[in-house]
Amino acid sequence: MKGHGESDALVVSMKSSKEGRQLPDEEMEKRGATEGIPPQDNTLRIQDRESVQQVLERVRQAARRDRKLRFTSLYHLVYPIDSLRLAFSQLKKNAAPGIDGETWKDYRQNLEANLQDLSERLKRQAYRAKPVKRQYIPKADGRRRPLGITTLEDKIVQKATANVMNAIYEVDFHANSYGFRPGRKPHDALDDLYVKVYKRKVSWVLDADIRSFFDMVDHDWMMKFCEHRIADTRLLRLLKKWLNAGVMEEGKVRHPDLGTPQGGVISPLLANIYLH
């Protein structure tokens, strides 16, 4: 990681467990036992999370010390099997499948072999993002909101990537920003608003919305904004794959120059980076 012309501002190394497995660098919440996973595997998963937190804390501290630091080595924190396994455990188990029809339960049937194959493809950069499946949900005004449903495997990689990137960007984002952020809920925003409205002299309250924001994100500007903090070309290439994966609707694939799929695992973080 380099900043202000300095070299090797911080070396983030991977730690190995006693069994010799590499441990990933993700930000993970401690969760209970995952459905269908034997108790001994769940114990290992909790231990892995604790190691992940330690490594991510180094990234977080480096980002906090220097707000202009650009991280040159992050991709290797995404593809270890433990990283992908933990990301898999964070996904919604009953979410709709993508274009390949594969569900969380399907993937779990042969989880270790699936993750091993995915890890190896990521490591040699042979991973390919699949188009997202377009679906629509009704809005209160009668219109329809377009959603993009990614495949299960793409969700895993996106979640693992978001966990790494959040260690950096949660340091940068404003305290009064509440949308799609880990550990923050709508009620937190309401509490903040209550304090500011009732305990300060407030004359105006502005309610605004960005029309079709997720559909109109400019890909080139999105990448430029990410490059303010990330100089790892492999990670940037991974982000581009998702932006350029295309949308499948009625059996046809389109590749729009704008937008990031609303409903995609990585999209909320990318949206916050863009708006920030």
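The second largest pocket of this predicted model has a volume of about 800 Å³. Its lining counts 21 residues, and those nearest the centre of the pocket are Ala 208, Asp 209, Ile 210, Arg 211 and Phe 213. Which elements supply at least two residues each to this lining? They are strand 2, helix 7 (213-216) and helix 10 (267-275).

Now to the enclosed spaces. The structure holds 3 cavities of 30 Å³ or more. In the largest cavity there is about 90 Å³ of space. This cavity is lined by 15 residues, with Val 132, Thr 150, Gln 158, Trp 242 and Pro 261 closest to its centre. Two or more lining residues come from each of helix 5 (152-172), helix 9 (233-243) and helix 10. Helix 10 has thus turned up twice: in the lining of the second largest pocket and in that of the largest cavity.

Here are the two linings, sorted by residue class.

| Space | Nonpolar | Polar | Charged |
|---|---|---|---|
| Second largest pocket | 9 residues | 5 residues | 7 residues |
| Largest cavity | 8 residues | 5 residues | 2 residues |

Next, have a look at the sheet. It is an open sheet of 4 strands in the order 2-1-3-4, and its pairing is mixed. Why is one side of strand 2 and of strand 4 (252-254) left without a neighbour in the sheet? Both stand at the edges and have a single partner strand each, so there is no neighbour on one side. On average, neighbouring strands of this sheet are turned by 40° against each other, direction ignored.

You can follow the mixed pairing strand by strand. Strand 1 (residues 132-138) and strand 2 (residues 144-149) run antiparallel and are joined by 6 bridges. Try finding some of the partners in the structure: Arg 134 has Gly 148 of strand 2 as its bridge partner, Gln 135 stands opposite Leu 147 in strand 2, and Pro 138 is partnered by Arg 144 of strand 2. These two strands form a hairpin with 5 residues between the strands, and in this hairpin Gly 142 takes a positive phi near 95°.

Strand 1 also pairs with strand 3 (residues 247-249), this time in the parallel sense and over 2 bridges. Here, Val 132 has Val 247 of strand 3 as its bridge partner. You have met Val 132 already, as one of the residues closest to the centre of the largest cavity.

Finally, how confident is the predictor? The protein averages a pLDDT of 82, and 82% of the residues score at least 70. Among its elements, helix 4 (residues 111-123) has the highest mean pLDDT, 97, while helix 1 (residues 39-65) has the lowest, 69. Over residues 1-46, pLDDT stays under 50. For this stretch the model has 118 contacts beyond four places in sequence. Where pLDDT is low, predicted coordinates should not be read in detail.

Conventions: Residues are numbered from 1 along each chain as its sequence is written. This is a predicted model: local features need pLDDT of at least 70, side-chain atom pairs count only at pLDDT 80 or more; totals for chains, interfaces and linings use all residues. Side-chain values use heavy atoms; hydrogens and water are left out. pLDDT is the predictor's confidence in each residue, from 0 to 100. Contact means heavy atoms within 4.5 Å. Two strands pair if DSSP finds at least two bridges between them. On a 1 Å grid over the protein atoms alone, a cavity is a set of points where a 1.4 Å probe fits but cannot get out, and a pocket is an open set with protein on both sides within 12 Å along at least five of seven lines; lining residues have an atom within 4 Å of a point. Grid points are joined across faces, edges and corners, and a volume is the space filled by probe spheres set on the points. Ala, Val, Leu, Ile, Met, Phe, Trp, Tyr, Cys and Pro count as nonpolar, Asp, Glu, Lys and Arg as charged, and the others, Gly among them, as polar. Axes are lines fitted to C-alpha atoms, for helices over the stretch in contact, and angles run from 0 to 180 degrees between N-to-C directions.
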